[in-house]
Amino acid sequence: MGVRAGRAAFLAACGGIVACSGAPDLPPIARAGQDLILEPGLAGTLDGRASIDPDGLSLSWEWTMLTGSAATPPSFTDTGTPQPTFVAAEPGDYVVSLRVFDADGLPSRPDLLAISVPDGVALPHAALSAPSTASTGSQVHFDGAGSFDPEGDALRFQFDLLVQPPGSRAQLDDGLLPSEVRLTPDKAGTWIVALSVSDGATTSPRIEARVDVSGPNDDTPIGEPDEDGGSDGGSEGLNNHRPEWGRQFGDNPDSEDPDSEDPDNEDPHGEDPDSEDPDSEDPDSEDPDSEDPDSEDPGNTAPISEAGDHQAVEVDDVVALDGSGSSDPDGDALTWRWWVSSRPTAGEAEVTAASGSQALLIPDAPGAWVLSLEVDDGQATAVDTMVIVVTDPSASTDDAEDDAEDDDAEDDTDLTSPTVTVLSPSSGELIDQPWARVDGEAWDDVGLLSVEVDGIEAIATDGDLSRWTAFVPLSAGEQDLEVVVTDTSGNTGHTSVSVSQNSADCADGAVLQLRFDEPDAGTAEDDGNGLHGTEIGTGRAPGKHGNAATFDGNSDVWVPGDPVLQLDSGFTLELWTRTAGATESPQVLVSLGDDVETSLVIDGETLSFGTVDGAGIAHAAMGRGVTDGAWHHVAGVWDGQRLRLHVDGRLVDHHIPAVAPALGSGEVYLGSHRGAERFFEGAMDSVRILDDVLDVGQVAEAAASGPPCSWGAQLSRDAVAAASGSLNAQVPAWRVNDGHTAENRAVDLSMWLLPDNTTGWVELDLGRVSGLTSVRWLPTQSPNTQRRAGTQFEVAVSTTGSFTGEETVLVTDTWDPADDRSWRGVQVDTPLPGRFVRVWVDDWDGPGGGLNELDVRGIP
């Protein structure tokens, strides 16, 4: 029929929406979930994961805003995912629609969801804690006791088991209290439990806790010897990025062992299993002889997805999609899935006639179409993308005819100014962050050259500048954002939008705030009043929010005295801490004041917050629950009358002391008593002293909130990860954004590892162009019998994903495995447009390199 065949002829030949193979396809069923009640300005997560396809095909999602009664449109993001985010700035009633599409492009009937945002209603807040990892047969405790109602109403708790491994029959069991449930996992894999709380009138947004369960049906950990004495976890230097995309990587052929190509001779970790010290063996590791024969082969190598070359076509052309260039290094059979991951605003076409590796697309609008191809070998997946640039020949023909008819024109010079319109934010909108995302439209009958917002160049989001986006830094207070559009003839058009920036400073009212987010210890920078702490003997490790300071029982942090610390009438001291167990003697978390000293102290399993008078007698509020090795939020509050102690957002004790705190302007010590005794062993993060008396609800909110100095919204958690190759199926690309940073044992495997002696990259696709403000990554220091660690990294950002020179390189960084394992990162003052974030690992320590976690933040 040819590429130029029309839409009608093609559909007639293929029997409408039935694939050309003749096999009928049943439509999927959309299920948008329960109606919601949300608080103004509070994000709610919609959930369409209950949608199904009767034919068992994979689904794609399309959420649409139908109606809304408020003047300010809500923020509705991630609408191409099963769980979009909905935030309404003001009260109103809203209706959204969900349609799902199967892998053949067949749509469901829409399912409607009502969202009510009432005025003056303070919703209850759900908080859910659970361990991040567990093993089959062990009891997992999910605790919602940190939930609260701002108005003090009694709460009802609703727990739901959302995700469990196939074949599992386990169910949630009631706990001792209504605020908790228990679960005994019977299968290894991912388990997700959700909690919502109700005060009888309104219900909180649902929150989730994920637990990764290991057990007998898990794969043997990397580096474990097989029955033949070898290791079954290796591959041979796979690097599956396409030669025409990205940087070129190559191994030094002179450095290769010719015998290493024989998989029977190769130990992927370079170890002789017979020489292993039996005393060093992890008691929790699995016996290879007891491995489930049905478990997947840990030696599996991820497949390679090849979506094909970019194409340039015209509207209504039939575009043949061909993924037959995809392959699997192990020779496993593949399945293919095509979908449209980005389209012009006016476009509605979907992939159709999917058969094996091939499919068709008939683009119905000009602009850039991005097609994604996922290949699956039954154990691992890989995704590749290709771009189709679509033009409309009728538009250019009409322009040419108009020019030909204007033979009598004396001057063909273009003097018409282009037009530009701001779609968001709306005029007068209040923005609570130091940046704004500005979206708009522009038009010109000749052609557009550029759009700038306050001097920041906008990027095209619809193939050209007819739709554009700019990320603009804001200053405090009201300001007018000036928008200038320029056409190819040099004419300009202008508009503006007035906004008001209302974000607090980074310290948010703290007189002292130490985040410990520096990659190296030495000086702890204060975001409050510049009272930087001097660190003696401390280290760095991944913390609750970014990095944390580590204390070894002979180290501390000293902050000099200052008048701003004279807070005798009332203050709040809060921090996150993690300890390995009960202490044998008292250990000081924080000590402050020069008149009547006030301290947070751990003694055995008891935590106390109080004062010590001149006779050495302590007057304190006391509690327990912080010595289990997990991160805990601790807050001590002096309200001028009593001492209050809070753990994980809950008030555990209060006490009226015989001697009230009198801080004066004294020094602050973290991890010791005046640098001389009672040294602390453990970690601390986000230490804050506030000249404010937080009430019970405010402390609970602080315990449930994110970092006190945000770098923007979390963008990486829902991103799609891809990589140039993986050591095996146990350490695929998707693990770099799973939210788990532990590397305590080989079985943790919360990382991506490269094949031996191979450079490579891992990449996150954020789903759409966003304004990036921070990119952080956590190097691996894999705890296998021989350490594997990346030591040289390069981080780049791209709007197209091609990485052929158009990308922006953010940083090139080196890391010494002898240093503390901590977050590395880069922040930018002006949000950087980008959709794809790629980290190259160019050098390594041990058999190979890798990446534990990749965190990207910014403006959605």
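How many salt bridges does the count come to by the rule used here, a side-chain nitrogen of Lys or Arg within 4 Å of a carboxyl oxygen of Asp or Glu? The count comes to 23 salt bridges, and we'll stop at some of them on this tour.

**Before you click**

What you have open is a predicted model, so local features need pLDDT of at least 70 and side-chain atom pairs count only at pLDDT 80 or more, while totals for chains, interfaces and linings use all residues. Residues are numbered from 1 along each chain as its sequence is written, and side-chain values use heavy atoms, with hydrogens and water left out.

**The whole thing**

Start with a cartoon view. The protein has three helices and 54 strands; these are DSSP runs numbered from the N terminus, with helices being H or I of at least four residues and strands being E of at least two. Now switch on the surface: about 37500 Å² is exposed, and carbon and sulfur atoms supply 46% of it. Accessible areas come from the Shrake-Rupley method with a 1.4 Å probe, and for residues only the protein chains shown count as cover. Of the 860 residues, 48% count as buried (buried is under 20% relative accessible area, exposed is over 50%, partly exposed is in between). If you like contact maps, residues 24 or more positions apart account for 69% of the contacts with a separation of 6 or more, a contact being heavy atoms within 4.5 Å.

**Stop 1: a bridge across the chain**

Select E574 and R688. Their side chains meet in a salt bridge, 2.6 Å from N to O. This pair links distant parts of the chain: E574 sits in strand β37 (residues 571–578) and R688 in strand β46, 114 residues apart. Buried or exposed, which is E574? E574 counts as buried because its relative accessibility is 6%. R688 is buried too, with a relative accessible area of 10%.

**Stop 2: along β46**

Stay in strand β46 (residues 681–690) and pick S686. Its phi is near 50°, a positive value in a residue other than glycine. That's worth a look because most residues other than glycine have a negative phi. S686 is buried, with a relative accessible area of 6%.

**Stop 3: another positive phi**

Jump to F803, in the loop between β51 (789–798) and β52 (808–814). Phi of F803 is near 50°, again positive in a residue other than glycine. At 1% relative accessibility, F803 counts as buried.

**Stop 4: D813 and R824**

Now select D813 and R824. They form a salt bridge whose closest N and O atoms are 3.1 Å apart. D813 lies in strand β52 and R824 in strand β53 (residues 824–845), so the pair ties together parts that are 11 residues apart in sequence. D813 is buried at 17% relative accessible area, and R824 counts as buried at 11%. For a set of shared partners, select D47, R49 and E208: salt bridges join them into one network.

**Stop 5: a pair with a partly exposed arginine**

Pick R343 and E350, whose side chains meet in a salt bridge at 2.9 Å, N to O. R343 counts as partly exposed because its relative accessibility is 24%.

**Stop 6: a buried glycine**

Go to G636 in strand β42 (residues 632–638). Its relative accessible area is 0%, so G636 is buried. Which residues does G636 touch, not counting residues up to four places away in sequence? Select F571, T572, L573, F609 and R644 to see them. Then draw a C-alpha to C-alpha distance to S599: the two are 37 residues apart in sequence and 9.1 Å apart in space.

**Stop 7: two loops**

D756 is in the loop between β49 (752–753) and β50 (760–779). D756 counts as buried at 10% relative accessibility. Its C-alpha is separated by 4.8 Å from that of G848, 92 residues apart along the chain.

For the other loop, select P425, between β22 (419–424) and β23 (429–431). The peptide bond from S424 to P425 is cis, with omega near 0°. Most peptide bonds are trans.

**Last stop: the charged surface**

Color by charge and find D454, E478, D480 and E482, which form a negative surface patch (patch residues have over 30% relative accessible area and no salt bridge, with like charges joined within 9 Å and nonpolar side chains, Val, Leu, Ile, Met, Phe, Trp and Tyr, within 5 Å). E478 lies in strand β29 (residues 477–487). With 70% relative accessibility, E478 counts as exposed.

Notes: Lys and Arg count as positive and Asp and Glu as negative; His and the chain ends are not counted. The place of a charge is taken as NZ of Lys, CZ of Arg, CG of Asp or CD of Glu. Buried means under 20% relative accessible area, exposed over 50%, partly exposed in between (1.4 Å probe, protein chains only).
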